[in-house]
Amino acid sequence: MTTNAKAEKIFARLLDRKGAEYFNLNPWDVLQIPFNASTSAIKKSFFMMSRAIHPDKNQNSVRSNDAFNIANKAYKMLTDEDLKLQCEEILEEADKRIAQYHDELKADGKAPETDPKKLEIQLRRTVSKLFAEVEHHKKHLEGVRQREERRKHEKDTQFMEEINRKREENERWEAGQDIRVANWRDFQTKNAETEDIDTNQTKKVKKIVVNLGLTPEIKKAVIPPPPPDDNKKPPPPPPSSSPSESRSRSYRRKRYRSRSPDRYRSTRRSSRYDSSKRRRYR
């Protein structure tokens, strides 16, 4: 098989097949090596693959760059100690899930799969599924982190905008203070002038009325009445009647009550009497 044909075959497996993004998360599936492969076998597989799909040998095409990045990522995952430990944990979890699935089949009275090739395919699919779940969880956490940062940034932006708005309002208020003071002084001087004019006109009218000797009715029509005094207390109301009259009324009231006590009883208590009495005293 020539180099170009081998490269096209690798391109089709890594880029063109259905669910390639899903299967490329599994480094053992990318490098086409068993799960118990040694470090030398991993290096050998990566060297042979990179020699076929390296961008320098494929005129720096986009497909060669994408395929080489996928293979390089798989190689780093299996050679780095921390990343390889995570991959082995995922492999153990896949073994547990398959064993649990077989136990469920036995409990239902069904025979589990015993063919080694089919078990290998089932294990690879389960491992790829677990890698996809881990990647989905990472993306979810990254999205949550980005949303939190965006929300915090918006909150800080609103806070700074509020501070700038208040500062601008204070600056405008301080800038217009002199104008407000000048307007208030002009208003006070104008009011004082108008009051002086009104008092002078009233004095002139009074002098004219006195000189002409007008009647009181004409004086009321010509001279305006004085402004009301808010601080002046109103006169007390006149008494309704004399003390002797009030005493006589109270005496008559007592005397009348002594004659007819049933008239002033409540309606509830008066139910004991017959209707003729209630009509008579009503």
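Here is a short briefing on the protein shown above, from its overall make-up down to a few single residues. The model is predicted, with a mean pLDDT of 77 for the protein. Its 282 residues form 11 helices and 0 strands.

**Confidence in the model**

- A pLDDT of 70 or more is reached by 67% of the residues, and the mean for the protein is 77.
- Residues 266-273 deserve a separate word, since their pLDDT is below 50.
- That stretch has 6 contacts in the model once near neighbours in sequence are set aside.

**Overall make-up**

- If you walk along the sequence, you meet the pattern α-α-α-α-α-α-α-α-α-α-α.
- Of the 282 residues in the protein, 20% are buried.
- The protein exposes about 23000 Å², and 53% of that comes from carbon and sulfur atoms.
- Among contacts with a separation of 6 or more, 58% join residues that are 24 or more positions apart.

**How helices α4, α5 and α6 pack**

- A handy way to describe two packed helices is by the angle between their axes and the distance between the axes.
- Helix α4 covers residues 39-53 and helix α5 covers residues 62-79; their axes lie 10 Å apart at an angle of about 170°.
- Because angles over 145 degrees count as roughly antiparallel, α4 is roughly antiparallel to α5.
- On the α4 side, the contact is made by Ile42, Lys43, Phe46, Met49, Ser50 and Ile53.
- These meet Ser64, Ala67, Phe68, Ala71, Asn72, Tyr75, Leu78 and Thr79 of α5.
- By type, the residues of this α4 and α5 contact are 9 nonpolar, 4 polar and 1 charged.
- Helix α5 also packs with helix α6 (residues 81-107), where the axes come within 5 Å and cross at roughly 90°.
- An angle from 65 to 115 degrees counts as roughly perpendicular, so α5 is roughly perpendicular to α6.
- Here α5 contributes Lys76, Met77, Leu78 and Thr79, while α6 contributes Glu81, Leu83, Lys84 and Cys87.
- The residues of the α5 and α6 contact divide into 4 nonpolar, 1 polar and 3 charged.
- Leu78 and Thr79 of α5 take part in the contact with α4 and also in the contact with α6.

**Asp29, in helix α3**

- Asp29 sits in helix α3, which spans residues 27-31.
- Its relative accessibility is 10%, so Asp29 counts as buried, the cut-off being under 20%.
- Beyond neighbours within four places in sequence, Asp29 is in contact with Arg13, Arg17, Phe23 and Arg124.
- Asp29 and Ala74 are 45 residues apart along the chain, and their C-alpha atoms are separated by 8.9 Å.

**Gln32, in the loop after α3**

- Gln32 belongs to the loop between α3 and α4.
- Its phi is near 55°, a positive value in a residue other than glycine.
- With a relative accessible area of 48%, Gln32 is partly exposed, because the value falls between the cut-offs of 20% and 50%.

**Thr126, in helix α7**

- Thr126 is part of helix α7, which runs over residues 116-175.
- Thr126 has a relative accessible area of 15% and is therefore buried, as that is under 20%.
- Not counting residues up to four places away in sequence, Thr126 touches Ala94, Arg97 and Ile98.

Note on methods. Residues are numbered from 1 along each chain as its sequence is written. This is a predicted model: local features need pLDDT of at least 70, side-chain atom pairs count only at pLDDT 80 or more; totals for chains, interfaces and linings use all residues. Side-chain values use heavy atoms; hydrogens and water are left out. Helices (H or I, at least four residues) and strands (E, at least two) are DSSP runs, numbered from the N terminus. Buried means under 20% relative accessible area, exposed over 50%, partly exposed in between (1.4 Å probe, protein chains only). Contact means heavy atoms within 4.5 Å. pLDDT is the predictor's confidence in each residue, from 0 to 100. Axes are lines fitted to C-alpha atoms, for helices over the stretch in contact, and angles run from 0 to 180 degrees between N-to-C directions. Angles under 35 degrees count as roughly parallel, over 145 as roughly antiparallel, 65 to 115 as roughly perpendicular and the rest as oblique. Ala, Val, Leu, Ile, Met, Phe, Trp, Tyr, Cys and Pro count as nonpolar, Asp, Glu, Lys and Arg as charged, and the others, Gly among them, as polar. Accessible areas come from the Shrake-Rupley method with a 1.4 Å probe; for residues, only the protein chains shown count as cover.
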